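I open these notes with the contact between the chains, then turn to the cores, and end with the salt bridges.

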Amino acid sequence: MAIGEKDIIVCDGVKKWFGDFQALTGVTTTVKEREVVVVIGPSGSGKSTFIRCINRLEQHQEGVIEVDGVLMTNDLRNIEQIRSEVGMVFQQFNLFPHLTIMDNITLAPIWVRKRPKDEAEDLAMKLLERVGIPEQAHKYPGQLSGGQQQRVAIARALAMEPKIMLFDEPTSALDPEMIKEVLDVMKELAESGMTMVVVTHEMGFAREVADRVLFFDYGTIVEEGTPEHFFTNPQHDRTKLFLSQIL
Amino acid sequence: MADGKIILPDLPAAEIAPEPPPKGAVVWMKDNLFSTPFSVVLTIVGVLLAAASIRGFFGFLVNPERIWQAVTTNLRLLMVQAYPDQHMWRVWTAVGAVVVLTTLSLAVWRVGGRTSANKLTTSAMGVGGFLLAAGLLADFPASMRLTWAAVGAGVVGVAYLVRRMMGDRAKVDNIPSLAVAAGLAIGAVASLWVLQVPVPDPETGIRAATVEPLANTTRLPWLWILIAGFVGYGLGTRVRGLRLMRPLLVGAWALSYPVIFLHLLRGVNFRSVGEYALYGVAFAVVGGVIIYALVNLNLGETGRLISGALLVAALAAWAFPTLIVVRLLLLVLAAFALAAPTFGGSGGNKWRYVLIYLGAVLVIVYLMLLAVGTSVVQTQSAVPFGGFMVTWLLAIGAVALSFPIGVTLALARTSTLPIFRVLATIYIEVVRGVPLITWLLMSVVVFPFLFPEGVEFEDVVKVLLFFTFFSAAYLAENVRGGLQAVSKGQNEASNALGMSTVQRTAFITLPQALRAVIPALVGQVIATFKDTSLVAIVGLFDILLIAKNVVPNQSQPFNFLGSIKENLVFVALVYWIFTYVFSRLSQRIEKNLGVGER
């Protein structure tokens, strides 16, 4: 699906400190509607911090972040509403272990979106079919494999019908055999036209699915471009070094 | 491999089949009891010690000098102290209500696993073996030794035969645990009818003048309660499909305590029904309209203003002379209004929130009706509570009331707002820093001066309040431990889904935190139950004080002077039975919630 015209995430000079340590040293970029942006970089480069600032799990201290036309500031009164428009998938899945898969997915639609229960459950079943595990609906997260859990986490985020999906290293905690099943779901999602920002170490996914790749280091974007440009003709020395080490 | 296939070598299956390790009693004993010279010594010393203590304990129990009639004759005193005869039905109905609620809930929640004949016969063999050992070792009269040994050997023999005959079927978990519990209950009630105990003559005071059935005044009520329990279970199996059954039962459980407390303390004073009904209807209609509007009309800022105004009014009512019922109703209305945006829901359950509010109004009016007016239960002492009844009421009340307070304190102490954190910390540290006995004394001596003249509480209420505050502080720390065990990722996930702080706490953090600390909470409950024996210090006659001071001093018409030993053993047994049942129940709950597996 073609990338839209509208800017849905706008970041300008975003800076963030953890105590004395500066995690983000000025990030400037925009993400357009239906665009798939993959963020790569060495660990500690600030890529996770960056996408966690987008739904304000972390608060940036300087610069501007605008999500779907709403400025992320401290006196944001409806932070819950913004967050419900931005789905997030975590490295550690973070499913709710005391609830069944069905309850995991329907909890937020029922209580945050105020949807009737049966409607929410219908939607949840459709999403579980989409990620390929409808038969697990009444099990608990602990009874599922890592790959299945991560697919449930994706379904849970999608159940809020978000405009943007953020993925924070979704496959880093998975066995190699399970990575593919999660990546397949993400590919399908990208093809359906979802706006996605993905932090990952899966270069194959970046090459195949990304519209644009951001390379992070020292808390900022060192280089960005299309996958072809990025993987075949990197300009920056730091990027070349990084790619030579992982490819 | 040229063709890409991996060929596994054929293993000679029969030859490598491992030989099962040798089994049998002799092997086991050699491995576990007599493996080294040191363990041989340990085993012999241990067996001798065990034999000596069994001999001593049973010798103590059956010594002709023991006055067990002091216990059997005073059972009623120990249980309910001087609760008046014509009101005993209140006690029985209270017990019956709890039993029926329990069996109903067991049926509705489909509680109860299955056990195997193997496990049951093992328990039976344990009991039989103990009887046999007691009969062989104890310092009994010869005939009694023979009886005990024969009964013990019989039980072991039958259990062994049953297991032998059933063979492999004995290992299958196919016997409902609830059926076993029901069997035990039937046996206990039947024993009230069958067991005969010697009874002293009230005229002459001669001990063991006649022989009568044990507890001949309680066997009928217990029989009815047993039947009611079975009926409750049967009813539960019929209605467990209904959707509202579980919330209804939870509500009934929550209500049962205040209702029973007041039902035992006094009756409804019907003269003031009219006035209270008026307040009830007024709040139901006006409040119902407000809540409905808040839930359904999406008032936004205006809604928040209305809720805020209600809260101010509710707080103001406490500063000005107002009827307590109005103060409480206003508070509840304000609370429901404030929580409306969070829990209001939508769609199919538009009316549910309003209905819950109406239920709360009804409950408050009913409880206030019970609480006001003069008591219909008159006794010599100021409070009609005593004996095991006061132990039970204080323990359950303190646990039930301290639970919400403790959870609130724990949340406050982990809150991001410093003011809550500081207040909760001060409360917990102050309450924990002073011994319970000191607090109890202060509850009676100092507490009354903190209230304006004319405001008075019964002693038992004061003690209950202080027990609650004390227990809440410890509970808060236990719950805080659970809250810290919930991973940060859970908070982030619920935040990322757009949940508010209240929703996150209610649906994600608290359920996980409480599950994690069930063992600690059960320990807290058991401790509170046993700590109730401290109320003796403020002059409440609980079971321990009666056993220690009252019964051993009876000389007319019966001479039970010096029967303190027998009474203490009995009291210990009563405490143990209840704490043991409680601990087993909590194990089942833990298993059902799958703690440690999910």
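The entries below follow that order.

**Conventions.** I am working from a predicted model, in which local features need pLDDT of at least 70 and side-chain atom pairs count only at pLDDT 80 or more, while totals for chains, interfaces and linings use all residues. I number residues from 1 along each chain as its sequence is written, letter chains from A and number ligands from 1 in the order in which they are written, and take side-chain values from heavy atoms, with hydrogens and water left out.

**Interface of chain A and chain B.** I looked up the contact (heavy atoms within 4.5 Å) and found that it takes 27 residues from chain A and 27 residues from chain B. The two chains bury about 2,300 Å² between them, 60% of it on carbon and sulfur atoms; buried area here is the accessible area (1.4 Å probe) that two parts lose on being put together, summed over both. On the side of chain A, the residues that lose the most area to chain B are A:His98, A:Trp111 and A:Lys114, together 29% of what that side buries.

I then asked which polar links cross this interface. I found six residue pairs in polar contact, both residues at pLDDT 80 or more; the rule asks for a pair of N or O atoms within 3.5 Å, one able to donate a hydrogen and the other to accept it within protein, and residues adjacent in sequence count only if both atoms are side-chain atoms. The count of salt bridges between chain A and chain B is one, where a salt bridge is a side-chain nitrogen of Lys or Arg within 4 Å of a carboxyl oxygen of Asp or Glu. The side chains of A:Arg52 and B:Glu492 meet in a salt bridge, at 2.6 Å from N to O.

**Cores.** I next looked for nonpolar cores, defined as sets of buried Ala, Val, Leu, Ile, Met, Phe, Trp, Tyr and Cys residues joined through side-chain atoms within 4.5 Å, with buried meaning under 20% relative accessible area, exposed over 50% and partly exposed in between (1.4 Å probe, protein chains only). The largest has 50 residues, and A:Ile154, A:Met165, A:Phe167, A:Met186 and A:Met196 have the most contacts inside it. Its largest share, eight residues, comes from helix 6 (residues 176-191) of chain A; helices (H or I, at least four residues) and strands (E, at least two) are DSSP runs numbered from the N terminus. Not counting residues up to four places away in sequence, A:Met165 touches, among others, A:Gly87, A:Ile154, A:Leu189 and A:Met196. A second, separate core of 39 residues includes A:Ile54, A:Leu107, A:Val199 and A:Leu214.

**Salt bridges.** Over all chains I count 25 salt bridges. A:Glu62 pairs with A:Lys15 in a salt bridge, the closest N and O atoms being 3.9 Å apart; A:Glu62 lies in strand 4 (residues 62-67) and A:Lys15 in strand 1 (residues 7-18) of chain A, 47 residues apart. A:Glu62 counts as partly exposed at 39% relative accessibility, and A:Lys15 likewise counts as partly exposed, at 28%.

Are the partners A:Arg212 and A:Glu35 buried or exposed? A:Arg212 counts as buried at 13% relative accessibility, and A:Glu35 is buried with a relative accessible area of 7%. Their side chains meet in a salt bridge at 2.8 Å, N to O. A:Arg212 is in strand 9 (residues 212-217) and A:Glu35 in the loop between strand 2 (21-32) and strand 3 (36-40) of chain A, so this salt bridge ties together parts that are 177 residues apart in sequence.

In chain B, I noted a network of salt bridges that links B:Arg413, B:Glu429, B:Arg432, B:Glu477 and B:Arg480.
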